[in-house]
Structures are given as C-alpha cells and as structure tokens.
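Here are some comments for a colleague who is about to work through the coordinates. They are set out as numbered points, taken one topic at a time.

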Amino acid sequence: QVQLVESGGGLVQAGGSLRLSCAPSGSTFSINTMGWYRQAPGKQRELVASITNRGRVNYADSVKGRFTISGDNARNTVHLQMNSLKPEDTALYYCHANYPTTTGRNQEVWGQGTLVTVSS
C-alpha cells in the first residue's frame, strides 16, 4: 500500500514563500503523475499544479508565475515552491498521485493535507 507524506505547510505573511514536499511511502515501482490540490473551507477542491514522470507540468491560472512544481524521479518526490503568496492562497494543500501497481492496474492516492495560511 502506498501513502503520501506531505510537509512544508505553515503560516507566512503575504508576499512570503513556502515549499511543499510530497513523497510516497510504501511499495511502488513508479509514479505516473503527481499533483497538488487545495481546498479552502466551504470551497471546492481545485488543482494547483501537476507534473508527469516525463516532466510535463500544468498550473492553475491563479498561480502561474508564482508557483513552481518539480519532481525527483529517483525518489518519486514532488515539490511545490510557492512564492509571492497571497491571503487567497490560504487552504489545505493535498498531494495526489497516480501510479501503476504490480498487477498493471493504475491506482491513485491522496495525502492527508498540509495547511497553508497566508496572513495579510
């Protein structure tokens, strides 16, 4: 079984930076796609950024130019560098991964979430 371990959340003032990290824990040979989602109280979960094992990235329009997602294929680890943070970035940030199993069937897993709070 695969679990996602998230870290890097915290409290930061507007304009500051945080770096989120996510790494799988468990038996898996590779990762197809990993991404970060966020959800604020009373709001829908939204995709922030994603990256494939080939390095192709995708960003939400609201974070383009401010956030950067990167991956380490050797460790199946993904990072989200968040710069110029705004109060509206405040949310629980969830790591997500899609990965192949030994049976050949892809599965997905979610992290428990790490809280990012941006103060005015």
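1. How many bridges join strand 4 (residues 33-39) to strand 9, and in which sense do the two strands run? In this predicted model, the strands run antiparallel and are joined by seven bridges. Within strand 9, Tyr 93 is the residue that stands opposite Arg 38.

2. Strand 9, which spans residues 91-100, is mostly covered, with eight of its ten residues buried. Besides strand 4, strand 9 is joined by three bridges to strand 11 (residues 114-119), again in an antiparallel arrangement, and here Leu 92 stands opposite Leu 115 of strand 11.

3. Strand 9 also pairs with strand 10 (residues 106-110), in the antiparallel sense and over five bridges; Gln 107 in strand 10 is the bridge partner of Tyr 99. The hairpin formed by strand 9 and strand 10 has five residues between the strands, and in that hairpin Gly 104 takes a positive phi near 95°.

4. The structure holds one disulfide, which joins Cys 22 to Cys 95 with an S to S distance of 2.0 Å. The two cysteines are 73 residues apart and link distant parts of the chain, Cys 22 lying in strand 3 (residues 18-26) and Cys 95 in strand 9. Is Cys 22 buried or exposed, and what about Cys 95? Both Cys 22 and Cys 95 are buried. As for handedness, the torsion about the S-S bond is about -90°, so the disulfide is left-handed.

5. Thr 117 lies in strand 11 and deserves a separate comment. Its relative accessible area is 27%, and because buried means under 20% and exposed over 50%, Thr 117 is classed as partly exposed. Leaving aside neighbours within four places in sequence, Thr 117 is in contact with Gly 10, Leu 11, Val 12 and Thr 90. By contrast, the C-alpha atoms of Thr 117 and Gly 42, which are 75 residues apart along the chain, are separated by 16 Å.

6. The last point concerns the largest pocket, in which about 170 Å³ of space lies. Which residues of its lining lie nearest the centre? Of the 14 residues that line the largest pocket, these are Arg 38, Lys 43, Glu 46, Glu 88 and Asp 89. Sorted by class, the lining has seven charged, four polar and three nonpolar residues. Arg 38 thus appears in two places in this note, once in the pocket lining and once opposite Tyr 93 of strand 9.

Technical notes:
Residues numbered from 1 in each chain as written. Predicted model: local features only at pLDDT ≥ 70, side-chain atom pairs only at ≥ 80, totals over all residues. Heavy atoms only, no water. 1 Å grid on protein atoms, 1.4 Å probe; cavity = no way out; pocket = protein on both sides within 12 Å on 5 of 7 lines; lining within 4 Å. Points joined across faces, edges and corners; volume = space filled by probe spheres on them. Nonpolar A, V, L, I, M, F, W, Y, C, P; charged D, E, K, R; others polar. Buried < 20%, exposed > 50% of the residue type's maximum accessible area, 1.4 Å probe, protein only. Helix = DSSP H or I, 4+ residues; strand = E, 2+ residues; numbered from the N terminus. Pairing = 2+ DSSP bridges. Contact = heavy atoms within 4.5 Å. Disulfide = S-S within 2.5 Å.
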